[in-house]
Amino acid sequence: MDIAEIAARLRALEDREAIRALIAAYGPLADAGDSAGLAALWAEDGSYGVGGMGTVKGHVAIAGLIDGPTHRALMANGCAHLLGPVAIELDGDRATARGHSVVFRHSDGRFEAFRVSANRWDLVRTADGWRVSHRENAVLDGNEVARALLAQPAICPPSMV
Amino acid sequence: MDIAEIAARLRALEDREAIRALIAAYGPLADAGDSAGLAALWAEDGSYGVGGMGTVKGHVAIAGLIDGPTHRALMANGCAHLLGPVAIELDGDRATARGHSVVFRHSDGRFEAFRVSANRWDLVRTADGWRVSHRENAVLDGNEVARALLAQPAICPPSMV
Amino acid sequence: MDIAEIAARLRALEDREAIRALIAAYGPLADAGDSAGLAALWAEDGSYGVGGMGTVKGHVAIAGLIDGPTHRALMANGCAHLLGPVAIELDGDRATARGHSVVFRHSDGRFEAFRVSANRWDLVRTADGWRVSHRENAVLDGNEVARALLAQPAICPPSMV
C-alpha cells in the first residue's frame, strides 16, 4: 500500500462522511428554523423539488421554504423533520444519496407522521466542500414517481468492498 | 504509526462504512420494489427471519418476500421501510449490527407506523464484500424475543476508542 | 501527504465513527432494558436532561431511568427508541451531536409516536474513548427550547470539506 492508495481510500471515506454530515444537518436546521444555514447546504445554483409543491432554485428560494408561512406554522405547533440514513454512491466529484424523510407534526398533544417521503439527493464537490445540487422529494403515497427515486443501480452496495 | 497500522485502521473504517451502506440500501430497495437488488444484500445462503412470519433462506426466497402479494399491496397503497442507524460490532470477517425498523403504511390519506421492530443483522465478509448472513426481525410489541435482539455485549461501545 | 497528516485524518474519521457508534447504541440498549450498558455510554459524571422531567447525573441515576417504573411499563407494552442520524461537530477532545429521537409506544395492537424530541449531545474524549458528558432532550411540541437544541453553528457542514 503506497501513499497514493492511502490518500484515495481516506478521500473516499471523507467524501462519504461529508455527504452524511451534510444531509444529517438538514433536519436540525429545518426544525431550528435556520433558513440561511439550511440553504447553505445547497450549491449556489442548487434546486429542491418538493413533491407536489413544485421546484425552487437558489439559496434565496430554498431559504424561503423555511421562512414561509407553511413551515413557520409547523414549527409553532411543533414538528420534527426526521431523515433516515442514506445510501450513498460516489462518482468522483458527484454523488447520489437516497433515503426516507418523515415529518412529524404535533397537534392536540399528539404526534402524527403526516408526510413520509422518498428522497434522492444529487451532490457535487465544490471549492467549499460537498453541497446539494438537487434534492428531489416525493410522498410515498403509492405513486410510481416516489418509488423510482429510491431505485438504485445494481452495483451500489457490492462496490463498497 | 507504520503502514500496517494505517492499513488496519483504514480497513476497520471501511468495514463499518460498507456495513452501514449495505443496511442503508435495504429500505430504498424494498420501497422501490427491487427484489433482486434487495436479495443481493444477502450472501447466497443468507437467511431472513421475519418476526411472526417464519424464516426464508437464499436469494430466490428473499426476493419472493418483495415480489409477494403482501409487499406489493403495501407498495401500491404507499409505504416506507425506514431503518434507523445501526450499532455495529466488527469481529474480523464477521460483524453484527443492531437497530430499529419502522414500516409506515399509507391509507385513507394518512400514514401509520404499523410495524415497529427490532433487528439483529449478522454479516459476513465475502469475496464480493460484506453481505448479510442472517437478519432476525421481531415486532417490539412487548415480547422478550424482540428486546433480546437489541441486547449488546458490554464491550461494544467502549471498544471503539 | 505525510504520516502526521494521515494520522490526523484517520483520527478525525475514527472520532466521528466512535461518536456515531456511541449514540447508535442508545436506542438498542434502552429497548433491551440494559440499564448498566446504557449508563456506560455516559462519562462518570455525565448528565441527562430529560425534557419536562428534570436532569439526572451519574451512572446510577441514569441507569435508574431505565430501571424505573415508567420505562419498564413502556417495555412491557412494547416500545422503540428510534434515534435519527446525528450532525456531529468535532472540537479536539470535545464534540457536539444534534438529532431527533422518536419513542414509539405499542398499545391496543397499534404503534404511536408518542414522544418526538430534539437532542443535543455533548461528548468528551476519555481514557476509555468517547463518552456523553451531557444529553439535553426536549419534546418538539412548539416550544423554543426544543428548537434551540437543534440550532447549529454556521460553520458546521462547510467545515467537513
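I started at Cys79(B), which has 4% relative accessibility and therefore counts as buried, the cut-off being under 20%. The model is a predicted one.

I then looked up Cys79(A). Cys79(A) has 3% relative accessibility, so I put it down as buried too.

With cysteines on the page, I checked for disulfides. A disulfide is a covalent bond between the sulfur atoms of two cysteines. I found 0 disulfides over all chains.

Next I turned to the helices. I took H1 of chain A, residues 3-32, and H1 of chain B, residues 3-24. Their axes come within 11 Å and cross at roughly 35°. I noted the crossing of H1(A) past H1(B) as left-handed.

Which residues meet where H1(A) and H1(B) are in contact? From H1(A) I listed Ile6(A), Arg9(A), Leu10(A), Leu13(A), Arg16(A) and Arg20(A). On the side of H1(B) I wrote down Ile3(B), Ile6(B), Ala7(B), Leu10(B), Arg11(B), Leu13(B), Glu14(B), Glu17(B), Arg20(B) and Ala21(B). Sorted by class, the contact of H1(A) with H1(B) has 9 nonpolar and 7 charged residues, and no polar ones.

Last, I looked up how the chains are related. Chain B superposes on chain C by a rotation of 120° with 0.0 Å of shift along its axis, at an RMSD of 0.0 Å. I entered this as the relation of a three-fold axis. For chain A on chain B, I have a turn of 120°, a shift of 0.0 Å along the axis and an RMSD of 0.0 Å.

Note on methods
Residues numbered from 1 in each chain as written. Chains lettered and ligands numbered in written order. Predicted model: local features only at pLDDT ≥ 70, side-chain atom pairs only at ≥ 80, totals over all residues. Heavy atoms only, no water. Disulfide = S-S within 2.5 Å. Buried < 20%, exposed > 50% of the residue type's maximum accessible area, 1.4 Å probe, protein only. Axes fitted to C-alpha atoms, helices over the stretch in contact; angles between N-to-C directions. Helix = DSSP H or I, 4+ residues; strand = E, 2+ residues; numbered from the N terminus. Left-handed = near helix turned anticlockwise from the far one by under 90°. Contact = heavy atoms within 4.5 Å. Nonpolar A, V, L, I, M, F, W, Y, C, P; charged D, E, K, R; others polar. Least-squares fit on C-alpha atoms with pLDDT ≥ 70 in both.
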